[in-house]
Amino acid sequence: MNARLAGAAVRRVAHPLVAVALLLAASAALLDGEASALVEAGGLLDDRLRAAAWSASAWSAFVVLAAPWIVLRAACARTRAEAEWAGVSGTSLARAEASRAAGVLAAALALAGGWSAFAALGPAVSGPLLGRAGQTQGPGSPIFAHDAPLAWSARAPDVSGLWARVGVSLSITPGSGGEVRLSAARGGQVLTGAAHVLPRGAVEVEIPPGPDPVRFELALPEPGARAFVTTGAVELWDAAPAWAARVRLAARAALALASWSLLAFGLAAWLRPATALALLAAVWLWLWARDGAPAWIPGASLFEDLASVANGRAPAALAWADAIGAAASVVLALLLARRPAEART
């Protein structure tokens with residue numbers, strides 16, 4: 001690796017414009033209406049809600065206000081003159097691009113790490129919380145009613161303290177209630193959870209431990225009520241330590257930022273930096289907007305992770321799929337970056 005090229009890439013990513021963007025993001029997080037109201041409420045609201053609002057506000061501000069500038073500066077991490085110098089100095093194209101990519105990666109991770117330290121200064125929660133543990137099969141039909149409950153079977157891990165969550169949208173007749181009940185039966189034990197959904201929300205139930213499949217049932221106790229399931233799969237949640245929400249969200253945001261920055265760096269060998277940023281933004285907004293985006297794509301679930309943290313829960317821990325997605329981003333970025341310097345604009 002060429003240390004000079006890597007250092008130049010770090011300096012280009014850590015541009016003064018990025019510093020300004022980070023200051024704006026910090027101001028937005030501190031002044032966010034919801035987070036400020038919760039922080040100022042002091043003992044009127046519990047620590048879990050205040051910590052959740054702060055973490056969600058801080059990372060939302062970072063993703064919206066700072067991350068685009070970091071990715072843009074990653075796309076500006078090379079110059080034509082520098083590429084020509086590398087050729088004259090005997091540095092191969094592959095080595096030069098790998099050195100710049102290493103600098104981009106180091107800068108992106110350092111900036112995400114610095115923001116993690118800033119977010120850690122906010123309110124913290126003590127005690128366990130629920131963390132995303134995956135998903136299992138949802139019902140075959142989304143429609144159910146008071147006189148037609150919805151039942152289905154699905155596999156779930158044999159652990160204690162596992163919860164199932166199903167999103168529901170409710171349509172009720174005048175005078176009826178908005179209660180939805182979800183039951184889970186396994187091993188001869190039946191547990192039931194209930195929630196008032198008006199008109200859209202979710203209902204949860206603890207899943208009994210056991211090796212057998214779980215028998216779920218959604219029911220509406222009020223006559224005349226009708227509803228449909230808004231989530232294609234049943235979300236699974238289990239106990240997680242208090243630090244899980246903050247650490248897991250920071251890890252996922254850092255991984256997404258590093259992948260975006262590397263891909264912008266690679267695309268900039270073919271496109272102008274602003275065009276590379278716009279292309280990446282369009283792809284990821286499309287992924288965020290659709291259901292069922294592949295888990296291995298870095299950042300595809302970031303908005304969902306932010307929503308989980310805002311609700312006082314933890315995102316899923318990083319898994320092999322995340323590592324595969326990050327590795328694929330590195331390989332693709334390096335392949336894109338191998339375009340000869342004389343062919344670039």
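**Notebook: first looks**

I began with Ala 251, which is partly exposed because its relative accessible area is 27%. My scale for this: buried means under 20% relative accessible area, exposed means over 50%, and partly exposed lies in between (1.4 Å probe, protein chains only). I placed Ala 251 in helix H7, residues 244-267. Helices (H or I, at least four residues) and strands (E, at least two) are DSSP runs, numbered from the N terminus. I then looked across to Ser 116: its C-alpha atom is 8.9 Å from that of Ala 251, although their positions lie 135 residues apart along the chain.

A note on what I am looking at: this is a predicted model, in which local features need pLDDT of at least 70 and side-chain atom pairs count only at pLDDT 80 or more, while totals for chains, interfaces and linings use all residues. Residues are numbered from 1 along each chain as its sequence is written, and side-chain values use heavy atoms, with hydrogens and water left out.

**The whole protein**

I noted 10 helices and 10 strands. The protein has 345 residues, and 46% of them count as buried. I also looked up contacts (heavy atoms within 4.5 Å). Of the contacts with a separation of 6 or more, 79% are between residues 24 or more positions apart. The accessible surface is about 16200 Å², and carbon and sulfur atoms hold 63% of it. Such areas come from the Shrake-Rupley method with a 1.4 Å probe; for residues, only the protein chains shown count as cover.

**Rings**

How many aromatic pairs does a search of the whole structure find? I wrote down 6. One of them is Trp 115 with Phe 118, a tilted pair at 4.7 Å centre to centre, with 50° between the planes. For the rule, rings of Phe, Tyr and Trp (its six-membered ring) pair if their centres lie within 6.5 Å; planes under 30 degrees apart are stacked, over 60 edge-to-face, and the rest tilted. Trp 115 and Phe 118 are about one helical turn apart because they are 3 residues apart in helix H6, residues 93-119. Trp 115 is buried, at 4% relative accessible area. I also found both rings in one aromatic cluster with Trp 54, Trp 59 and Phe 62.

Next I checked charges over rings. The rule wants NZ of Lys or CZ of Arg within 6 Å of the ring centre and within 35 degrees of the ring normal. Arg 78 lies over the face of Phe 265, 4.1 Å from the ring centre. Arg 313 has its charged end over the ring of Trp 237, at 4.9 Å from the centre. Both arginines come back below.

**Salt bridges**

I counted 9 salt bridges in the structure; each is a side-chain nitrogen of Lys or Arg within 4 Å of a carboxyl oxygen of Asp or Glu.

Arg 78 meets Glu 97 in one of them, at 2.7 Å, N to O. Glu 97 lies in helix H6 and Arg 78 in the loop between H4 and helix H5 (80-88), so the pair ties together parts 19 residues apart in sequence. Glu 97 and Arg 78 are both buried.

Arg 313 meets Glu 204 in another, at 2.3 Å, N to O. Which parts does this pair tie together? I found Glu 204 in strand E7 (residues 200-207) and Arg 313 in the loop between helix H9 (302-310) and helix H10 (320-337), so the parts are 109 residues apart in sequence. Glu 204 is partly exposed at 22% relative accessible area, whereas Arg 313 counts as buried at 15%. Arg 165 and Glu 235 join Glu 204 and Arg 313 in a network of salt bridges.

Back in helix H7, I looked at Arg 252, whose side chain meets that of Asp 305 in a salt bridge of 4.0 Å, N to O. Asp 305 lies in helix H9, 53 residues away, so I marked this as a link between distant parts of the chain. Arg 252 and Asp 305 are both buried.

**On the surface**

I noted a nonpolar patch of Val 20, Leu 24, Val 64 and Leu 65, with about 350 Å² of accessible area together. Patches take residues with over 30% relative accessible area and no salt bridge; like charges are joined within 9 Å, nonpolar side chains (Val, Leu, Ile, Met, Phe, Trp, Tyr) within 5 Å. Helix H2 (16-31) and helix H4 (47-75) each supply at least two of its residues. Val 20 sits in helix H2 and is partly exposed, at 45%.

Last entry: Pro 223, in the loop between strand E8 (214-219) and strand E9 (226-229). Is Pro 223 buried or exposed? I noted exposed, because its relative accessible area is 52%. Its C-alpha lies 5.7 Å from that of His 146, and the two are 77 residues apart in sequence.
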